[in-house]
Amino acid sequence: SELFEIKSRISLVLIGGLMATFPTVTSTLAYNYTADGYFLALLSICLAVIVCVRFHRGLLPAAVLIAFGLGIYQAYITFAMVLMLIYLVDELLFKQINMKQFWTMSCRFAVCGVLGGIGYWMSMKITVFISGIQLSEYQNIDKSFSLQEMNFFSSVLRAGYKFLKYFFDFSSGINLFLIINIILFSGLSILFLYSFWAQKTYRQF
């Protein structure tokens with residue numbers, strides 16, 4: 001509510017319910033012994049985006065919060081990216097910011113993310129050096145920030161394929177989950193295009 005200025009109680013309840021029941025959140029509870037740490041990381045990531053947006057000098061504190069969240073669970077960097085993207089789309093479509101403001105905030109988000117990643121990397125290296133232990137090979141954590149085996153374009157394509165396959169998997173036939181996803185994504189796409197046209201946002205490009 002703080003980031004998107006949502007005032008409706010019904011909307012807040014629905015968003016909270018969607019968040020609490022989303023598969024990536026509920027699956028975390030399968031690892032109940034680490035759930036508190038995961039949700040602390042999630043809170044840290046959310047606060048980082050809010051601080052970066054709301055405070056003029058909040059760039060460094062936001063980067064520290066991102067580094068803290070990454071130190072607990074690195075995968076939540078994607079949550080920060082999605083929050084930032086939704087915020088930018090919301091500002092562009094409904095707050096009617098100009099393109100200069102859009103790119104300024106985009107660069108601010110990018111710098112915040114890079115600084116947060118550097119902060120996480122430095123703290124990880126210091127911790128490993130002081131403790132004298134080696135990083136685990138689990139989920140390739142020992143190769144963090146290594147670009148030797150990284151193929152950016154294939155990674156993007158693989159991520160896009162897995163995203164589409166999760167929500168639009170026709171291999172098992174038509175089911176309720178698939179139907180709901182088609183309706184939801186179609187509705188969101190129509191609303192997005194309508195807002196884009198109604199607000200005449202296309203004139204800024």
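I'll start with Glu-5, which is partly exposed, at a relative accessible area of 44%. Everything I say about it, and about the rest of the protein, comes from a predicted model.

Glu-5 sits in the segment before helix 1. Its phi is near 55 degrees, which is a positive value in a residue other than glycine. For background, most residues other than glycine have a negative phi. So which residue does Glu-5 pair with in a salt bridge? The partner is Arg-54, and the closest N and O atoms are 3.7 Å apart. Arg-54 is in helix 3, while Glu-5 comes before helix 1, residues 9-21, so the pair ties together parts that are 49 residues apart in sequence. Arg-54 is partly exposed too, with a relative accessible area of 31%.

How many salt bridges does the structure hold? The count is two. Besides the Glu-5 pair, there is one between the side chains of Lys-165 and Asp-169, at 3.6 Å from N to O. Lys-165 has a relative accessible area of 37%, which makes it partly exposed. Asp-169 is at 26%, also partly exposed.

Now the overall picture. The protein has eight helices and zero strands. Along the sequence, the pattern reads α-α-α-α-α-α-α-α. There are 205 residues, and buried ones make up 23% of them. The exposed surface comes to about 14800 Å², and carbon and sulfur atoms supply 70% of that. On contacts, take those between residues at least 6 apart in sequence: 59% of them join residues at least 24 apart.

Next, the core. In soluble globular proteins, nonpolar side chains tend to be buried together. Here the largest nonpolar core has 29 residues, and Val-49, Ile-66 and Phe-109 have the most contacts inside it. Four helices each supply at least two residues of this core: helix 3, at 32-54; helix 4, at 59-72; helix 5, at 77-94; and helix 6. Which helix gives the most to this core? Helix 3 does, with nine residues.

Let me stay with Ile-66 for a moment. Leaving out residues up to four places away in sequence, Ile-66 touches Ile-45, Ala-48, Ile-77, Met-84, Cys-112, Gly-113 and Gly-116.

Helix 3 also carries Ser-44. Is Ser-44 buried or exposed? Ser-44 is buried, with a relative accessible area of 4%. With the close sequence neighbours again set aside, up to four places away, Ser-44 touches Leu-65, Phe-68 and Gly-69.

One of the contacts of Ile-66 was Cys-112, and that brings me to the cysteines. A disulfide is a covalent bond between the sulfur atoms of two cysteines. A search of the whole structure finds zero of them. Why is Cys-52 not bonded to Cys-112? The closest cysteine sulfur to that of Cys-52 is the one in Cys-112, and at 4.2 Å it is too far for a bond. The cut-off used here for a disulfide is a pair of sulfur atoms within 2.5 Å. From the other side, Cys-112 has the sulfur of Cys-52 as its nearest, 4.2 Å away, and is in no disulfide. Both cysteines are covered: Cys-52 counts as buried at 1% relative accessibility, and Cys-112 counts as buried at 0%.

Last, the outside. There is a nonpolar surface patch of about 1000 Å². The residues that make it are Leu-60, Val-111, Val-114, Leu-115, Ile-118, Trp-121, Met-122, Ile-126, Phe-129 and Ile-130. Which helix gives the most to the nonpolar patch? Helix 6, residues 99-131, does, with nine residues. One of the patch residues is Ile-126, which lies in helix 6. Ile-126 has a relative accessible area of 49%, so it is classed as partly exposed.

Helix 6 therefore appears twice in this talk: as one of the helices that supply at least two residues of the core, and as the helix that gives the most to the nonpolar patch. If you have the model open, helix 6 and helix 3 are the two to look at for what I have described. Helix 3 gives the most to the core, and it holds Arg-54, the partner of Glu-5, where I began.

Methods: Residues are numbered from 1 along each chain as its sequence is written. This is a predicted model: local features need pLDDT of at least 70, side-chain atom pairs count only at pLDDT 80 or more; totals for chains, interfaces and linings use all residues. Side-chain values use heavy atoms; hydrogens and water are left out. Patches are made of residues with over 30% relative accessible area and no salt bridge: like charges are joined within 9 Å, nonpolar side chains (Val, Leu, Ile, Met, Phe, Trp, Tyr) within 5 Å. Accessible areas come from the Shrake-Rupley method with a 1.4 Å probe; for residues, only the protein chains shown count as cover. A salt bridge is a side-chain nitrogen of Lys or Arg within 4 Å of a carboxyl oxygen of Asp or Glu. Buried means under 20% relative accessible area, exposed over 50%, partly exposed in between (1.4 Å probe, protein chains only). A nonpolar core is a set of buried Ala, Val, Leu, Ile, Met, Phe, Trp, Tyr and Cys residues joined through side-chain atoms within 4.5 Å. Contact means heavy atoms within 4.5 Å.
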